[in-house]
Every structure is written in structure tokens, then in C-alpha cells.
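Student: I would like to go through this protein step by step. Please show me the sequence and the structure before we start.

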Amino acid sequence: MTVTARALTNYSFALAAAAEWKFTFKTSTQKITDFDGDGKSDVLARDSGGVLWLYPGNGSGGWLSARQIGSGWNAMTSIESPGDFNGDGKMDVIARDSGGVLWLYPGNGSGGWLAARQIGTGWNGMAAIEAPGDFNGDGKADVIARDANGVLWLYPGNGSGGWLAARQIGSGWNVMTAIDGPGDFDGDGKADVLARNSSGVLWLYPGNGSGGWLAARQIGSGWNVMTAMEGPGDFDGDGKVDVVARNGSGVLWLYPGDGSGGWLAARQIGSGWNVMTAIV
């Protein structure tokens, strides 16, 4: 099934973000981001030369040796991991090219790809594309997208790599400079969204489990120093959703979630990450 994005205004989106969250166990609100099949949360990153790298997580908040898994990815203006989008139990990637075509790259479960296929057109009208997990509570991975007017749309996944009818779930989101979907960040079993505004304030938008929101609340400030913010799932192995963030100096930080919508003490997990133009 191919879907055409609703917003058709030409909007150039320079991406330096989009990682996904994963658990080593599965529920309807959690996504698979174990890209190499070892049961641990991984991260993908694209460098300035368009090379795509797999950083296998070690299950305790660090990395095993990175390896190249693709090239030519600088043709993509957005890269996201929606988890298991086609229903085969393996982590997938979606990517938008400069012509606004949206592609599904089905993961093979061992750190590589099956044949890519087109799943949408007209997506250059979207200023941000995010994958919040199962946001509407039907057990299938969904996608949310913000158009150039700040309208937020939910594209419910059909469980086999396509979409059901899109619907508006918000407006005024153009005040946000970063949007991320970490999965169930507050521990209530429902997929949530994080958003940073232009003042650097970080907000938690708790999902209501049916494609909407509960009352938003502030969970941080000073986040405008970060040039990328991603939710890799349970990256440190404690069963709670975490966030990684890169600052302007290229230092990568792990913000371990406390399981109730807050943080434990942050710690540095990398440096030199300013060479990366996307973190997934």
C-alpha cells in the first residue's frame, strides 16, 4: 500500500536525528530496535560521506565495534526506525529521499537489509518524521509527521508495511525544534512523545494509548545545546527507556530513564559524533 503525504508544500528538511527505542522484550507499545538480532539495543548513524554505520549496543550502555552497513545514504533527507513496521519481527528503517519518496528498508534480523520498496510519495511536505511505536494501541508500529504548517499527523501502520488513513493529532508543533518518540517513557504502558521548544525546554507528551495525549509536562531545560536527541530504547539494560543526545561539541550523552518520565544521572558514552548527519 502506498500513501501520499497530505502536506505537499515543498519543505526542505535537514536531518541530524532519528533513532528509535527498543526493549529486549516485546509489548504492543514497544518497538524492536535490535538491528543485529542479539537482543540488545543498537544505534545507526550516517556520516557526512553518506556511509551508514551500525553501532551494536553491548546491553549496558556502551558499544561493540561499529561496522558499515550501507553507502549513498546522503541522498536521504530523513531516516527513521519505526521498529518492526512490516510485521516480520525484525527491525526496519524508513527513509525519505530528496524527491519526497518514502522507502521501507526491511531489516533481515542480522544487521542488513532485504530489498527496499516504496511506501509513499509527497513526503517532502513534512518538516519532521518520527516513529513513536504503537501510538494508537492496535499493536502495530505507527509514524507521526509534522507538516510545514505545524500540524501533526498520525499515520497508523497496518502491520504489513503500509498505512491506514492518516488523521490530525495536533497543531502548533512548528514551535518545536526537535520531536522524538522514545516509546513508553513514563512507565504506563503507552507510547509517549518528547518535544523540545525553541527555548530549549523539553516536554513529555504522554500518550493516552489511543492516538492522543494526556497533559504535557516539562521534564528538562537547556536542551537547545543538543544538536540531536534520540530514543534508543532500553540502552543500558535496566528495563527502562533511555535517551541519547549529542551536544554541539560532538559529545554523545546517555540520559537513563527512571521509568516514570524522568532521568537518572547522565553520562558520556561517546565523542566525535559531530561527523554524523543522522543518528537513528
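Student: Which residue takes a positive phi in the hairpin of β18 and β19?

Tutor: This is a predicted model, in which local features need pLDDT of at least 70, side-chain atom pairs count only at pLDDT 80 or more, and totals for chains, interfaces and linings use all residues. Residues are numbered from 1 along each chain as its sequence is written, and side-chain values use heavy atoms, with hydrogens and water left out. Strands here are DSSP runs of E with at least two residues, and helices are runs of H or I with at least four, numbered from the N terminus. The hairpin has four residues between its strands, and the one with a positive phi, near 85°, is Gly250.

Student: How many bridges join β18 to β19?

Tutor: Two strands pair if DSSP finds at least two bridges between them. Strand β18 covers residues 242–247 and β19 covers residues 252–255, and they run antiparallel. Val244 stands opposite Leu254 in β19. The number of bridges joining β18 to β19 is four.

Student: What is the bridge partner of Leu254 in β20?

Tutor: Strand β20 spans residues 267–270 and runs antiparallel to β19, with three bridges joining them. In β20, the partner of Leu254 is Arg267.

Student: How many strands does the protein have?

Tutor: The count of helices is zero. Of the contacts (heavy atoms within 4.5 Å) between residues at least 6 apart in sequence, 45% join residues at least 24 apart. The number of strands is 21.

Student: Which strands stand at the edges of the open sheet β13-β14-β15-β16, and why is one side of each left without a neighbour?

Tutor: This sheet has four strands with antiparallel pairing. Each edge strand has a single partner strand, so one side of it has no neighbour in the sheet. The edge strands are β13 (176–183) and β16 (217–220).

Student: Which residue in β14 stands opposite Ile179?

Tutor: β13 and β14 (residues 192–197) pair in the antiparallel sense over five bridges. Opposite Ile179, in β14, stands Ala195.

Student: What is the average twist from one strand to the next in the sheet β9-β10-β11-β12?

Tutor: This open sheet has four strands with antiparallel pairing. Its edge strands, each pairing on one side only, are β9 (126–133) and β12. Strand axes are lines fitted to C-alpha atoms, and angles run from 0 to 180 degrees between N-to-C directions. The average twist from one strand to the next is 30°.

Student: Which residue in β12 stands opposite Leu152?

Tutor: β11 and β12 pair in the antiparallel sense over three bridges. Opposite Leu152, in β12, stands Gly170.

Student: Is Ser71 buried or exposed?

Tutor: Ser71 is found in the loop between β4 (67–70) and β5 (76–83). Buried means under 20% relative accessible area, exposed over 50% and partly exposed in between, with a 1.4 Å probe and protein chains only. The relative accessible area of Ser71 is 52%, so the residue is exposed.

Student: How far apart in space are Ser71 and Val51, C-alpha to C-alpha?

Tutor: Leaving aside neighbours within four places in sequence, Ser71 is in contact with Gly50 and Val51. In sequence, Ser71 and Val51 are 20 residues apart. In space, C-alpha to C-alpha, they are apart by 4.3 Å.

Student: Why is the pair of Phe85 and Trp163 described as it is?

Tutor: Rings of Phe, Tyr and Trp (its six-membered ring) pair if their centres lie within 6.5 Å; planes under 30 degrees apart count as stacked, over 60 as edge-to-face and the rest as tilted. A search of the whole structure finds 20 aromatic pairs. The rings of Phe85 and Trp163 have centres 5.1 Å apart and planes at 55°, so the pair is tilted.

Student: Where in the chain do Phe85 and Trp163 lie?

Tutor: Both residues, Phe85 and Trp163, are buried. The pair links distant parts of the chain, 78 residues apart. Phe85 is in the loop between β5 and β6 (92–97), and Trp163 is in the loop between β11 (152–155) and β12 (167–170).

Student: Which side chain of opposite charge is nearest to Asp92?

Tutor: The place of Asp92 is in strand β6. Lys and Arg count as positive and Asp and Glu as negative, while His and the chain ends are not counted. Asp92 is buried yet has no salt bridge (a side-chain nitrogen of Lys or Arg within 4 Å of a carboxyl oxygen of Asp or Glu). The nearest side chain of opposite charge is 8.0 Å away and belongs to Arg117.
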